[in-house]
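Notebook open, coffee poured. Here is what I looked up in this one, entry by entry.

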Amino acid sequence: MPTRENIIKNLEVIFVPGVMRSPVKMNLVREVNIADNKVSVVLASAALNEDVQLWISNKIKEQLRNLPDIKEITVEYIDAKPSEVNRISNVIAVMSGKGGVGKSLVTALTAIALRRKGYEVGILDADITGPSIPKMFGITGHPGGSETAILPVTSKSGIEIMSINLLLPNEDEAVIWRGPLIAKTIMQFWGDVLWGNLDYLIVDLPPGTADAPLTVMQSLPVSGVIIVFTPQDLTAMIVRKAVNMTRQMNKPVLGIVENMSYLYVPEIKRKIELFGKSRGEEMARTTGAPLLGQLPIDPELAKLCDEGNIELYNTEVVGKLEESILQALKTS
Ligand SMILES: Nc1ncnc2c1ncn2[C@@H]1O[C@H](COP(=O)(O)OP(=O)(O)OP(=O)(O)O)[C@@H](O)[C@H]1O
Ligand SMILES: [Mg+2]
């Protein structure tokens, strides 16, 4: 007779359409009973419509049929909300007091770094009025789901993504909402999306320290914050504000990332500090937060973002950023 572990192993190779994850990774398996040559599997129905439920049932039966001594297989569903199913170990928010400094980019690179290390990773795009994550990852598909819950969309490298842009009839549509509706949407992205088992959920925040960042900091179990800045004049004050807000909300600052730190010109083999002298070290000293990395202005990176191929970016600088983020997570 197969063991529970055997059954689970067999369920791990079934990929639910749309999300491309197994019912095990989605944390849907509630019970596996094996007795008298019968196997019964009970799954949570969260965010799965009837067609998908039937598809999974058939797939499970097909998959388990070949196991020795099994004469009967039943698959049942029980009602469960995503919030009862989701197991998210760490929530990391990426913020900045200022717009256009590269928050979404750092969100994406952090998620990619963790995914490359084999973690289960998701991105919650909390920038409701200016979402840019789907474009960077080249995602245009609409999320599946049921009447009460939504499935995230999976990127090419297996990162689960939810963004308002994926729900709009067309991506150029503007979202003109006031604070309360924005906060409600962020909470729905947290509670009504079937994230399943995630080691890390990275939250891309809109600029500033107003409504959306507050909602995220107050209502989500944020375990660490990454603050992004560029080497410009007003930056020092803005970074300190963001660090202070984070600490006032009793959330640990994982570290700071200086973006657009310099431009490297290969023809003359020189780094040019386009926005003024790099302030990475100084910021780290004055805020007491570790400097996780200094990203150059890289036309190749801008191109990959525009093409929706950010997952292909893999330079030495990114490797270093990956290492320091992993280190900061270990020691936080
Ligand atoms: N280091 C870089 N090299 C090249 N291009 C970059 C770099 N950082 C950011 N960009 C480009 O600048 C634009 C803005 O970056 P990004 O969207 O990450 O900023 P943001 O802080 O999230 O902006 P917003 O405040 O609008 O949310 C993007 O189109 C990105 O491609
Ligand atoms: Mg952004």
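The entries below cover the sheet, a crossover and the ligand shell.

**Entry one: the main sheet.** I kept in mind that this is a predicted model. I traced an open sheet of eight strands, with mixed pairing and the order 6-7-5-8-4-9-10-13. Which strands stand at the edges? I found strand 6 (153–154) and strand 13 (291–294) there; each has a single partner strand, so one side of each is left without a neighbour in the sheet.

**Entry two: a helix on the sheet.** I then looked at what packs on this sheet and noted helix 4, which touches strand 4, strand 5 (121–125), strand 8 (197–204), strand 9 and strand 10 (253–258). The direction of helix 4 makes about 165 degrees with that of strand 8.

**Entry three: strands 4 and 9.** I checked how strand 4 (residues 87–95) meets strand 9 (residues 222–229): they run parallel and are joined by five bridges. Opposite Met95 I found Ile227 of strand 9.

**Entry four: strands 2 and 3.** Strand 2 (residues 38–44) pairs with strand 3 (residues 72–78) over seven bridges, in the parallel sense. Following the chain from strand 2, I passed through helix 2 (residues 50–64) to reach strand 3, and this β-α-β crossover is right-handed. I also jotted down that Leu43 stands opposite Tyr77 in strand 3.

**Entry five: the ligand.** Which residues come nearest to ligand 1? Of the 21 around it, I listed Gly99, Ser104, Leu105, Ala302 and Cys305. Helix 4 (103–116) and helix 11 (299–307) are the elements that give two or more residues to this shell. I sorted the shell residues into ten nonpolar, eight polar and three charged.

Terms used:
Residues are numbered from 1 along each chain as its sequence is written. Chains are lettered from A and ligands numbered from 1 in the order in which they are written. This is a predicted model: local features need pLDDT of at least 70, side-chain atom pairs count only at pLDDT 80 or more; totals for chains, interfaces and linings use all residues. Two strands pair if DSSP finds at least two bridges between them. A crossover is right-handed if, with the strands pointing away from the viewer, the path from the first strand over the helix to the second runs clockwise. A residue is near a molecule or strand if its C-beta atom, placed from the backbone, lies within 6 Å of it. Ala, Val, Leu, Ile, Met, Phe, Trp, Tyr, Cys and Pro count as nonpolar, Asp, Glu, Lys and Arg as charged, and the others, Gly among them, as polar. Two residues are in contact if their C-beta atoms, placed from the backbone, lie within 7 Å. Axes are lines fitted to C-alpha atoms, for helices over the stretch in contact, and angles run from 0 to 180 degrees between N-to-C directions.
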